[in-house]
Amino acid sequence: MPRVKILYHDNCFDGATSASLFSRFYAAKVDPTATFTFAGKAHGLGTIYDEGSFDGDVNVVVDFRYSADAKLEWWFDHHVSAFPSAADEANFKAHPGAHQYFNPTARSCAKFLAETCAQKFGWDFSKFSDLVHWADIIDGAQFESPRAAVELAEPALQLMTWVENNHDPALKLRFIDALTTHTLAEIAAEPYVTGALAPILKKHKGSIDVIRARSTYDRKVVSFDVAEDGLDAYNKFVPYYLYPECHYVVGVSLGPSRAKVSVGSNPWHQQKRTVNIAAVCERYGGGGHPVVGAISLKTSDLPRAREVAAEIAEELRIAALKEV
Ligand SMILES: [Mn+2]
């Protein structure tokens, strides 16, 4: 009975889905006697994997950063900024583990993981196809409209909102298990979800008003600053709902442990995007994907976060001028 430890991207629908899928894959194709433990990982400052992070008999990371630690056996990621350092990237390229998979062009880790396990190990994930489909829509920001993304009528989008806001460790585990044992509609109807969602959706409606009040639109770029509003977590599509014509969004927010600059490009106008946002954020010590990224700073560096946001917004305005 090996103990398989799965480290996954915390408070993220794709991260929870990837963790859930991996456990079903492993039990089905590698070892049916395995037991699983799960540990959420959040982006932030300092050490990425503390001593003892890889203390399972088998250690797995899904939808989160690479580690060159020899105890990390399975790794699936799709983040452009997957490698903490150039040395890590060189190490992976020179000595990729037999079970380490990276595809920065994949829209979601969940779909990449499911398809990789199907190809390499003959895993049949057809009973999870609806889950994989929604993880791919959510992580790839492929909603049919800003309205669908903000009004949250679909069960999957309600669950996306729930998982981004849930900090109860026991419910994280319950949710990961439920993703591959229940339909999304069933999970969305569970009292632990509906009960927690009611105030979140109320706050969500309020956050739309806050972002509306705190945002400005200038030359195809929306800038907003909610650092003074206690608005830490918010639906990242609200600015596109408010300004459907914008090309880029730059936001400043303040959480308990970090000041954050969020940078995004309009998912409904991707063909217009000329800027690689991961590259922009990396210049300021952050990271992400070509279409969306972020920079985390210490809470005391909020003035610097505002400076960085203003610089990036101006850079994006200049780029957007040349975009149709
Ligand atoms: Mn992901």
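**Group meeting talk: a walk through one predicted chain**

Let me start with a pair of strands: strand β9, which covers residues 259-265, runs antiparallel to strand β11, and 6 bridges join the two. Before I go further, please keep in mind that what we have on the screen is a predicted model, and that every value I quote was computed from it.

Staying with β11, which takes in residues 292-297, you can see where its pairing with β9 sits if you look for Ala 259, because its bridge partner in β11, under the pairing rule used here, is Leu 297. Strand β11 also pairs with β10, a short stretch at residues 287-288, and here again the sense is antiparallel, this time over 2 bridges. One of the partnerships to look for is that of Gly 288 with Gly 293 in β11, and the turn that links the two strands is a hairpin of 3 residues. How many of the 6 residues of β11 are buried? The count is 5, and β11 is accordingly described as mostly covered.

Now let me step back to the whole chain, which has 12 helices and 11 strands. The C-alpha trace spans about 60 × 45 × 40 Å along its principal axes, and the radius of gyration is 19 Å, which agrees with the value near 20 Å that a compact globule of 324 residues would have. Buried residues make up 45% of the chain. If we take contacts between residues at least 6 apart in sequence, 68% of them join residues that are at least 24 apart.

The domain assignment gives two domains, with domain 1 at residues 3-135 and domain 2 at residues 217-321, and their C-alpha centres lie 27 Å apart. To the contact between them, domain 1 contributes 6 residues and domain 2 contributes 10. On the side of domain 1 that touches domain 2, there are 2 nonpolar residues and 4 polar ones, while no charged residue is found there.

Let me turn to the helices, beginning with α1, which has 17 residues and reaches 24 Å from its first C-alpha to its last, close to the 24 Å expected at 1.5 Å a residue. Because 13 of those 17 residues are buried, α1 is largely enclosed by the rest of the structure. A good residue to pick out in this helix is Leu 21, and we may ask why Leu 21 counts as buried. The reason is that Leu 21 has 27 C-beta neighbours inside 10 Å, and the cut-off for a buried residue is 20 or more. Setting aside residues up to four places away in sequence, Leu 21 touches Ala 110, Leu 113, Ala 114, Phe 125, Phe 128 and Thr 180. Asp 177 is 156 residues from Leu 21 along the chain, and yet the C-alpha atoms of the two are separated by 9.3 Å.

The next helix I would like to show is α4, at residues 129-139, which is also largely enclosed by the rest of the structure, because 8 of its 11 residues are buried. Among the buried residues are Leu 131, Val 132, Trp 134 and Ile 138. Which helices do the buried residues of α4 pack against? They pack against α1, α3, α6, α7 and α8. After α4 comes Ala 141, and its phi is positive, near 50 degrees.

I will finish with two loop residues, and the first topic is Ala 68, in the loop between β3 and β4. Ala 68 is partly exposed, because 17 other C-beta atoms lie within 10 Å. Leaving out neighbours within four places in sequence, Ala 68 is in contact with Asp 88 and Asn 91. Between the C-alpha atoms of Ala 68 and Val 150, which are 82 residues apart along the chain, the separation is 39 Å.

The other loop residue is Val 226, which lies between β7 and α10. With 19 C-beta neighbours inside 10 Å, Val 226 counts as partly exposed, since a buried residue would need 20 or more. Beyond four places in sequence, the contacts of Val 226 are Val 210, Ile 211, Arg 214, Leu 231, Gly 251 and Ser 253. The C-alpha atoms of Val 226 and Lys 172, which are 54 residues apart along the chain, are separated by 27 Å.

Technical notes. Residues numbered from 1 in each chain as written. Predicted model: local features only at pLDDT ≥ 70, side-chain atom pairs only at ≥ 80, totals over all residues. Buried ≥ 20, exposed ≤ 12 C-beta atoms within 10 Å, placed from the backbone. Helix = DSSP H or I, 4+ residues; strand = E, 2+ residues; numbered from the N terminus. Contact = placed C-beta atoms within 7 Å. Domains from an automatic or database assignment. Nonpolar A, V, L, I, M, F, W, Y, C, P; charged D, E, K, R; others polar. Rg over C-alpha atoms; globule rule 2.2 N^0.38 Å. Expected span 1.5 Å × (residues − 1).
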